[in-house]
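Visitor: Please take me slowly through the part of this model where a helix sits with its buried side against its neighbours, and then follow the packing outward from there. I would like the terms stated with their cut-offs as you go.

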Amino acid sequence: MDIQDLYQIIDTARERKASDIHFTVGLPTVFRIHGTLNNYEAPLSDDDISDLILSMLSDDQKVLLENGDDLDFAIEEPDGSRCRVNVFRAKGNIGAVLRLLNNNAPSLDAMGLPEVLKTLVNEPRGLILVTGPTGSGKSTTLAAMINEINNSKHVHILTIEDPIEYVYTQNLATIRQREVGSDVKDFNAALRSALREDPDVILIGEMRDYETISLALTAAETGHLVMGTLHTTSAPQTIDRIIDACPPHAQSQVRTMLATTLRGVISQCLVPLADKTGRVAATEILIGTDAAMNLVRTSKCHQLISTMQMGKNVGMHTLNSDLAKLVRAKKITKEAALECSTDKTELSQTINDAMMF
């Protein structure tokens, strides 16, 4: 089997509304559809799977794989669609997971995301974080935010990604996309260089370590709008994760920088729709108000939940309140909402109280 056979399998996955394809030598091939794994109907032999995976790799990548490295990259299909790919070995067998990306980033309106995101992307400077578990749609939300800026402002947008996922069509903005590993050595090198490339907006694919966090905060402090992602499930956890990623001697300074620069945190998860036709994003929104940032500055992040509950007038809400709203609108089931909640008791009480009226 070759790359053309792979494209046919990807086309089948897209027709079935799959988000991911899992190939592993020795295991069935599966599609993730609306969050659930489903076997691919056409059986593939181990040789077929190996051929399909190797067909995506360059000679240099094959050498890296043989040397024990995992590979992260993107492939482009003949029609311009793209997939994010991770290739690895498990129990000595080669495997790959393909994340199927949309051709074009949807708009914020099309995704049904809160209106306050349009306000956030109009900030002239500061830090905006989009967080959530793997597969929660963070990249798509960020892409929609970039497109909102692209369609409304004459600015220079610089993205640093590993790998590049959405390819943007320039409208009003000038957009440059740099891929870690091919265009630049790593996130930190790209960020250090970014400050000399006259950007207005910087997108960081992932804030993984202290140096990346420090450079991102410095960029936000020096007049840039910086957007990035973390694998956290709530706004308070996001703040704590950033602080904990820093060495003890730097934590006080980073906390102060966060309190000065943070404009918003959007935490999200994807919840199956009640009619099982897809998934919907449930969000938690923290806005960098003076009251909220004072809690960050004084190490009282556990009180941010109360601040979000009382901040509806500026666009804030907790994940539980959004889940409860989706249940009341009959878009999702109570059971699905409870699976996504980090405080199931409070959510159950909120839903029950709402149903009494």
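Guide: The buried residues of helix α2 pack against α1 (3–15), β1 (18–24), β5 (82–90) and β6 (93–100), where contact means heavy atoms within 4.5 Å. This is a predicted model, in which local features need pLDDT of at least 70 and side-chain atom pairs count only at pLDDT 80 or more, while totals for chains, interfaces and linings use all residues. Residues are numbered from 1 along each chain as its sequence is written, and side-chain values use heavy atoms, with hydrogens and water left out. Helices (H or I, at least four residues) and strands (E, at least two) are DSSP runs, numbered from the N terminus.

Helix α2 spans residues 46–54, and its buried residues are Ile49, Leu52 and Ile53; buried means under 20% relative accessible area, exposed over 50%, and partly exposed in between, with a 1.4 Å probe and protein chains only. These three cover an arc of only 95° around the axis, which puts them on the same side of α2, the arc being that of the directions from the helix axis to the C-beta atoms.

One of the strands that α2 packs against, β5, leads to a local backbone feature: Lys91 is placed in the loop between β5 and β6, and its phi is positive, about 55°, although it is not a glycine. Lys91 counts as exposed, at 86% relative accessibility. A comparable entry is His34, in the loop between β2 (30–33) and β3 (36–39), whose phi is near 50°, a positive value in a residue other than glycine. At 26% relative accessible area, His34 is partly exposed. As background, most residues other than glycine have a negative phi, and most peptide bonds are trans. The peptide bond from Asp162 to Pro163, however, is cis, with omega near -5°, and Pro163 lies in the loop between β8 and β9.

Those two strands also bear on helix α7, since what covers its buried residues includes β8 (156–161), β9 (174–179), β10 (201–204) and α8 (210–221). Six of the eight residues of α7 (residues 187–194) are buried, so this helix is largely enclosed by the rest of the structure; the buried residues are Phe187, Asn188, Ala190, Leu191, Ser193 and Ala194. From the side of α8, Leu215 is found in that helix and counts as buried at 16% relative accessibility. Not counting residues up to four places away in sequence, Leu215 touches Asn188, Leu191 and Arg192.

Turning to the nonpolar interior, a nonpolar core is a set of buried Ala, Val, Leu, Ile, Met, Phe, Trp, Tyr and Cys residues joined through side-chain atoms within 4.5 Å. The largest nonpolar core has 70 residues, and those with the most contacts inside it are Leu127, Met145 and Leu258. Apart from this core lies another, of 29 residues, among them Ile9, Phe23, Phe73 and Val85. With residues up to four places away in sequence left out, Leu127 touches Met207, Leu217, Ala220, Val226, Leu258, Thr261, Leu262, Arg263 and Gly264.

Leu258 brings us to a helix pair, for which two measures serve: two packed helices are described by the angle between their axes and the distance between the axes. The axes of α10 (residues 248–261) and α11 (residues 290–297) come within 8 Å and cross at roughly 175°. That makes α10 roughly antiparallel to α11. Arg255, Leu258 and Ala259 of α10 make the contact with Met293, Val296 and Arg297 of α11, and these residues divide into four nonpolar, no polar and two charged. Here axes are lines fitted to C-alpha atoms, for helices over the stretch in contact, and angles run from 0 to 180 degrees between N-to-C directions. Angles under 35 degrees count as roughly parallel, over 145 as roughly antiparallel, 65 to 115 as roughly perpendicular and the rest as oblique. Ala, Val, Leu, Ile, Met, Phe, Trp, Tyr, Cys and Pro count as nonpolar, Asp, Glu, Lys and Arg as charged, and the others, Gly among them, as polar.

A final buried position is Thr232, in the loop between β11 (225–230) and α9 (235–244), which is buried with a relative accessible area of 0%. Leaving aside its neighbours within four places in sequence, Thr232 is in contact with Thr131, Gly132, Pro133, Gln237, Thr238 and Arg241.
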